[in-house]
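Me: I would like to learn how to read a structure step by step, with the general idea stated before each case. Could we go through it together?
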Amino acid sequence: MSHAADLPLWAALLVALLLVLGSGLTLLGAIGLVRLDSFYKRVHSPTLGTTWGTGGILLGSMLFFSMIEGRPVLHELLIAVFVTVTTPVTLMLLARAALYRDRMEKNPEVPTFVAVAERSSEVVVKGTKNGEPEKS
Amino acid sequence: MTRVLPYPLLAASLLAMWLLLNGFTPGHLLLGAVIALVASHMMSALQPSKPRLRRWTRIAHLMGIVFVDILRSNIAVARIVLGGRNPQVVSGFVAIPLEMRDPTGLAFLACIITSTPGTAWVEYRSADDLLLIHVLDVVSEESWSDLIKNRYEALLMEIFE
């Protein structure tokens, strides 16, 4: 840790770049959380932080500690895997709760499941499941 | 083989996790292998469903596609956030009829859709095989359901079904 000054210039620049990229994207995600105007839009913006926001910081960390310790330090990969695997769980909880509330309040912006399906089935190439009941 | 290793994938990932956390030494390889074996045997008490991987080689292809898409949509969403209240950006719900039934494949699809900024998995009904997603910038509904079906679902079905 105390040998940070020994880092070659190109590695230091790359680590700095990755850290700025990652934290910058996370900040943008947070700004979006404030600026966007509906719940379903706001839900998209933290994804910046959970993908390249996290990714940039983790890549920077991997490069920095691998250079300092002189061996590959890769356990940051686990953080990336667990963040990716757990994000859908919280997102689905939030989205389902919002959907339930909006449907109970009969919010016109949120169509019912059937309405969306019918509207989309006009556009989507018709598969075997549209129209006839499927035997299973 | 199945008696010694009831869940080979689980055991392999546990071993990989152990080695990543503790560093690669012969001692940790042995200890990690023992822990992975014992843990995967304990897991069999819960009788989780066993994912079948049919085509290994396509996984790298899928990961490459997803990596590029995440990068591209990061830029797109960052632009929308910076642009503020742009009236041209219309967000909305898109319903997609899925053909995939495999739970592991669906879980992977959920991770992909959620990890891609600009698309969010909202609802899935297994009775209708219909998926509802919310898209931040709907240019056309058709192209979004094409993207999910042809780009991701087809590959996932090749891998898991």
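Me: At which residues of chain A does UniProt place the feature "transmembrane region"?

Reply: This is a predicted model, in which local features need pLDDT of at least 70 and side-chain atom pairs count only at pLDDT 80 or more, while totals for chains, interfaces and linings use all residues. Residues are numbered from 1 along each chain as its sequence is written, chains are lettered from A and ligands numbered from 1 in the order in which they are written, and side-chain values use heavy atoms, with hydrogens and water left out. UniProt positions are given in the numbering used here, and annotations may be inferred rather than shown by experiment. In chain A the unreviewed entry places the feature at residues 12-34, 46-65 and 77-99.

Me: How much of residues 12-34 of chain A is helix, and how far apart are the end C-alpha atoms?

Reply: Helices (H or I, at least four residues) and strands (E, at least two) are DSSP runs, numbered from the N terminus. Residues 12-34 of chain A are 100% helix and 0% strand, with end C-alpha atoms 33 Å apart. For residues 46-65 of chain A the figures are 100% helix, 0% strand and 27 Å.

Me: Which residues of chain B does the UniProt annotation "transmembrane region" cover?

Reply: According to the unreviewed UniProt entry, it covers residues 15-38 of chain B. That span is 88% helix and 0% strand, and its end C-alpha atoms are 11 Å apart.

Me: How many residues does each chain bring to the contact?

Reply: Contact means heavy atoms within 4.5 Å, and here chain A gives 41 residues and chain B gives 45 residues. Buried area is the accessible area (1.4 Å probe) that two parts lose on being put together, summed over both; for chain A and chain B it is about 3,900 Å², with 70% of it on carbon and sulfur atoms.

Me: Which residues form a salt bridge between the chains?

Reply: A salt bridge is a side-chain nitrogen of Lys or Arg within 4 Å of a carboxyl oxygen of Asp or Glu. The rule finds one across this interface, formed by Glu123(B) and Arg103(A), whose closest N and O atoms are 3.1 Å apart. On the side of chain A that touches chain B, the largest share, 12 residues, comes from H4(A).
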